[in-house]
Amino acid sequence: MSANASTEDRLPLKLGLFMPNCSNAYSISTLKREPDDWTYESNLRIALRAEELGFELLFPVAKWRGYGGVTNYLGTSLETMTWASALLAQTSRIKVFSTVHVPLFHPVVTAKMGATLDHMSQGRWGLNVVSGWSEREFGMMGIEVIPHAERYQRTAAYIEILKGLWTSEPGTFSYDSPWYHIRDGEVLPQPVQRPHPVIANAGNSEDARAMTARLCDWAFMAVSSIEAGAELSADFKARAAAHQRTVRCAVYPYVLWRETEAEAEAERRRIIDAMDRVATENWARGLLSQSGSFDPSQYPLEAFAFGGGALPVVGNAEGVIRQISQLYTSGIDAVLMVLESYYDDLARFQREIMPGLRDLKVIV
């Protein structure tokens, strides 16, 4: 879909947050305005405000070890199954995702925990399945990071098992693969959502695209520009259509705005100038060499220092409205935003950004 394509036949853009459930999220910088926003109390305040404003999605990152430097980037984190459980118990409308690393959670365990969360929330839970690339994290546990193509073969098996346990007659599901062997499997209760809870994947590589198109409901995409987002979302959707399926696409933009574009750019520059170089290099080295989702030519260190690789959406209010609208008209279905000061910026977003998005019929 081009930037000028009609949006009349599309659902409105879903607003969501890429939540700060880890310390120093998400800029790898010592300039952090809310240093303790990773706490559960802070995450709950943010979640309730987002729900009040009509946001639809909360997404966490799953991390098991920090990335060193003076910030130890993402080193203190809330595990996302238990995190989602607590937030779902305190909210009533918003959908809350958990993120699981395939090497760490057996699919029967994930299916059972997910079905429980889905029941607790009356169908408001979703799952982000991550194949797992971080030798820094998994090496701590003595878990080998297997070759990239094999990772996604294993993830495909993992998702097929989840779906089988969630949809088959209990006690009848069996599955054999090099990684998992399920005999007469069952998960009771089965989820409230039918046919099963929403499944997302965060990967942009060729292997990830093929697997997501065949098995997932959402593609959670890392892109360096609006144009790249348009191209990648079109590819995901074309691949899904070849399987007679639909995949929706989400990006995670760092949304930063001030009275003027110059002021916003100056703030972005201050964040980058305070880069934690050791942590940034550790983070970038792993992502660029191991994840398969980031093109090194598009991601200099500065791109990680500001938002950890998030898409920069920076300017005055009018510019931010225009850029989010461009994301929508180019085929993006949801924005999972990163914010400088989540709780306060949500109130500003309601006052200064949402009316303009409504005027453009991007959101309702």
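This passage describes the nonpolar core, the cysteines and the internal cavities of a predicted model. Residues are numbered from 1 along each chain as its sequence is written, and side-chain values use heavy atoms, with hydrogens and water left out. Local features require pLDDT of at least 70 and side-chain atom pairs count only at pLDDT 80 or more, whereas totals for chains, interfaces and linings use all residues.

The largest nonpolar core (buried Ala, Val, Leu, Ile, Met, Phe, Trp, Tyr and Cys residues joined through side-chain atoms within 4.5 Å; buried means under 20% relative accessible area with a 1.4 Å probe, protein chains only) contains 116 residues. Within this core, L17, F18, F55, L58, M221, F349 and I353 touch the most other members. Helix α5 (residues 148-167) supplies the largest share, nine residues; helices are DSSP runs of H or I, at least four residues, numbered from the N terminus. Contacts of L58 (heavy atoms within 4.5 Å) include L17, W83, I94 and F97, leaving aside residues up to four places away in sequence.

Zero disulfides were counted, a disulfide being a pair of cysteine sulfur atoms within 2.5 Å. C216 is buried at 0% relative accessibility, and its sulfur is too far for a bond because the closest cysteine sulfur, in C249, is 11 Å away. C22 is likewise buried, with a relative accessible area of 0%.

Four cavities of 30 Å³ or more were found in a search of the whole structure. A cavity is a set of points on a 1 Å grid over the protein atoms alone where a 1.4 Å probe fits but cannot get out, and lining residues have an atom within 4 Å of a point. The second largest cavity holds about 100 Å³, a volume being the space filled by probe spheres set on the points. Its lining includes N24, Y26, R33, Y254 and E340.

Conventions: Buried < 20%, exposed > 50% of the residue type's maximum accessible area, 1.4 Å probe, protein only. Helix = DSSP H or I, 4+ residues; strand = E, 2+ residues; numbered from the N terminus. 1 Å grid on protein atoms, 1.4 Å probe; cavity = no way out; pocket = protein on both sides within 12 Å on 5 of 7 lines; lining within 4 Å.
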